[in-house]
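Biologist: I should be grateful for a close look at one part of this model, namely the closed barrel and the residues set in and around its strands. Please give the account as one connected description.

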Amino acid sequence: MRITDTSDLWWKNAVVYCLDVETFMDWNSDGIGDLEGLAQRLDHLADLGITCLWLMPFYPTAGRDDGYDITDYYAVDPRLGTLGDLVEMIRTANDRGMRVIADLVVNHTSDQHPWFQSAKASKDSPYRDFYVWREDQPPDTSGQVVFPDAEEGIWTHSPETDAWYLHRFYAEQPDLDVTNPRVRDEIAKIMGFWLQLGLAGFRVDAVPFLLETAGVDEDSAAHFPDPHEYLRALRAFLGRRTGSGVLLGEVNLPFEQQAEFFGGQDGDELTMQFDFNTMQQMYLSLARCDAGPLAASLAARPEISPDSQWGTFVRNHDELTLDKLGDDERAEVFAAFGPEEEMQVYDRGLIRRLPPMLAGDPRRVRMVYSLLFSLPGTPVLFYGEEIGMGEDLSAGSRLSVRTPMQRTSGANGGFSDAAAEELTRPVVDGGFAPEFVNVADQRRDPDSLLSFMKLLIRRYRESPELGWGGFQLLEQPHAAVLAHLCTWDDGALVAVHNLGAEPLSVPLTVPGCGAGHRLEDLLTAGGAQLADDGSVELALEGYGYRWLRVVTEDSRRIL
């Protein structure tokens with residue numbers, strides 16, 4: 001492999017940044033973020049080092065699920081701008097070296113979508129079979145709901161035709177019937193439309209629910225025998241329309257099932273998937289100050305195609321789900337990072353951002369982000385992480401982390417010139433308010449979290465072994481330490497992280513290395529010489545971290 005190959009499979013060492021247009025930057029002073037405001041702040045993201053923007057839904061919506069209840073797949077929410085504004089923003093992002101992807105939410109529509117309005121009005125509607133219906137009273141399905149605080153089952157009665165429709169999420173979000181070839185054709189048209197306008201791919205929402213056939217009648221299901229064949233067809237369609245497009249899938253399943261959604265070793269289904277399992281084990285490790293759970297999860301990752309990639313993350317736009325942990329393990333994480341009931345949701349997750357969970361300790365915050373960028377995979381950031389934003393617990397549920405981006409220490413955090421009561425959501429107050437956490441101040445501070453994140457991103461981009469290379473855990477005696485080696489082509493990088501508060505001296509051996517090799521620090525000045533057997537002893541502060549490039553005297557790697 002050559003360094004030039006990284007530009008073909010760009011997603012393998014990209015830096016993805018998720019944002020909600022509605023809360024990112026208001027340019028017309030109506031209190032709502034807009035596409036023009038986003039365009040005006042693209043240079044901040046380019047300076048940060050972002051290479052791929054992921055836009056949360058910007059489509060017209062009925063307002064039930066923060067944009068995920070879509071009423072028109074071929075338009076822009078007029079509050080946010082126009083199709084023209086979107087294209088201008090995409091072109092500007094491309095000019096700054098950033099691709100743009102967007103949420104593809106096609107497992108359900110809004111109940112206000114014209115398709116469903118027609119479907120519920122008459123059994124003879126041409127859109128009736130776009131959705132899943134039943135004539136008989138459904139059984140108790142309370143154990144199958146995604147939002148147990150809001151729904152009692154996954155079927156809702158529609159009085160117009162005296163029938164029940166399926167919805168895995170809110171009742172206002174009826175599920176589409178993917179076994180219907182007309183629905184599948186429509187999904188392809190939706191993808192084709194946005195690709196034609198310049199998108200570089202999609203983050204595919206709730207993929208297992210999209211492919212789910214439970215509730216569909218037997219005849220329909222018989223014509224859709226292999227859901228993964230359909231996922232392969234979507235990937236092939238994407239490839240035909242744009243050869244370098246990406247499908248980043250939300251698949252919160254055990255590793256073995258995630259491997260299926262990649263397409264196994266063929267790698268012909270989802271291009272990327274979020275690694276929910278490792279994220280959850282990371283929080284368990286942080287709660288215990290024990291790297292064991294995180295190390296075990298990384299070691300358990302299945303082999304995937306060289307064209308596929310894991311998306312690693314600390315926080316996303318939803319609740320911080322802990323559903324893959326055991327009850328006792330989840331209780332440990334709750335006790336450490338969200339002990340109050342208002343910090344928890346659905347009995348399975350937290351609605352907090354990282355800095356407040358770590359009591360604002362800058363050592364721990366920086367260690368966690370150093371860990372994120374050093375893990376094998378592609379890092380995904382949620383807006384505001386680069387400056388250490390907090391949450392608004394009073395907003396409740398998933399909205400607690402979707403607060404306005406904090407630009408300055410001024411009114412509304414520089415998000416909008418509108419009156420505070422006109423903002424789409426309140427700005428965070430307290431210790432993480434804009435007075436203390438904002439972009440403008442941190443841009444001018446070389447010791448800020450923002451400056452540190454820029455360094456991490458630059459070093460990550462200069463180290464393709466992190467996105468492309470082989471991964472190996474390194475043995476050492478301390479439970480609190482994760483030490484690992486990533487190798488690719490002629491490059492090798494050792495990363496060592498201390499999840500505990502006590503300073504440590506870490507002895508380890510770098511395979512295949514000897515006296516002719518040395519370790520050069522990438523995040524600070526310094527390094528270490530390896531012994532003849534490749535051994536070395538590294539000093540780590542409490543919550544310390546080091547990235548060390550393996551080099552020889554004639555090495556030409558970037559230091």
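Modeller: A residue is called buried here when its relative accessible area is under 20%. By that criterion F24 and Y383 are both buried. The model is a predicted one, and what follows was computed from its atoms.

The barrel itself is closed by 8 strands, in the order β1-β2-β3-β7-β8-β9-β10-β14, with parallel pairing. On average, neighbouring strands of this sheet are turned by 25° against each other, direction ignored.

The description may begin with β1, which covers residues 16-19 and runs parallel to β2, residues 52-55, with 4 bridges joining the two. Within this pairing, L19 has L55 of β2 as its bridge partner. β2 is in turn joined to β3 by 4 bridges, again in the parallel sense, and here W54 is matched with I101 of β3. Strand β3 spans residues 99-104, and because 5 of its 6 residues are buried, it is largely enclosed by the rest of the structure.

The cysteines C18 and C52 deserve a separate remark. A disulfide is a covalent bond between the sulfur atoms of two cysteines. The structure holds 0 disulfides. The sulfur of C18 has that of C52 as its closest cysteine sulfur, but the separation is 10 Å, too far for a bond. C18 is buried, at a relative accessible area of 1%, and C52 is likewise buried, with a relative accessible area of 1%.

Further along the barrel, helix α9 (residues 227-241) lies across β7 (201-204) and β8 (246-249), and its direction makes an angle of about 145° with β8. A glycine in another helix meets residues of this stretch: G192 lies in helix α6, residues 181-196, and, once its neighbours within four places in sequence are set aside, G192 is in contact with F237 and R241. G192 is buried, with a relative accessible area of 6%. By contrast, S451 stands 38 Å from G192, C-alpha to C-alpha, at a sequence separation of 259 residues. One aromatic cluster is formed by F58, Y59, Y74, F193 and W194.

The aromatic pairs of the whole structure number 32. Among them is the pair of W10 and W11, which is edge-to-face, with 6.0 Å centre to centre and 75° between the planes. W10 counts as buried at 6% relative accessibility, and W11 counts as buried at 4%. F24 and Y383 also form an edge-to-face pair, at 6.4 Å centre to centre and with 85° between the planes. This pair links distant parts of the chain: F24 belongs to helix α1 (residues 21-24), whereas Y383 is in the loop between β14 (378-382) and α16 (439-443), 359 residues apart.

The ring of F24 has a further partner, since the charged end of R407 sits over it, 4.3 Å from its centre. An arrangement of this kind also involves K12, whose charged end sits over the ring of W468 at 5.5 Å from its centre.

The loop between β14 and α16 also contains N412. The backbone of N412 has a positive phi of about 60° although the residue is not a glycine. Most residues other than glycine have a negative phi. N412 counts as buried, at 13% relative accessibility. D162 has a positive phi too, of about 50°, and is not a glycine either. D162 is found in the loop between β5 (155-158) and β6 (163-166), and is partly exposed, with a relative accessible area of 46%.

For comparison with the barrel, an open sheet is made by 3 strands in the order β11-β13-β12, with antiparallel pairing. β11 (320-321) and β12 (344-345) stand at its edges, each with a single partner strand, so one side of each is left without a neighbour in the sheet. β11 pairs with β13 (residues 349-350) in the antiparallel sense over 2 bridges, and L320 has L350 of β13 as its bridge partner.

Key:
Residues numbered from 1 in each chain as written. Predicted model: local features only at pLDDT ≥ 70, side-chain atom pairs only at ≥ 80, totals over all residues. Heavy atoms only, no water. Phe/Tyr/Trp six-rings, centres within 6.5 Å; stacked < 30°, edge-to-face > 60°. Buried < 20%, exposed > 50% of the residue type's maximum accessible area, 1.4 Å probe, protein only. Lys NZ or Arg CZ within 6 Å of the ring centre and 35° of its normal. Disulfide = S-S within 2.5 Å. Pairing = 2+ DSSP bridges. Axes fitted to C-alpha atoms, helices over the stretch in contact; angles between N-to-C directions. Contact = heavy atoms within 4.5 Å.
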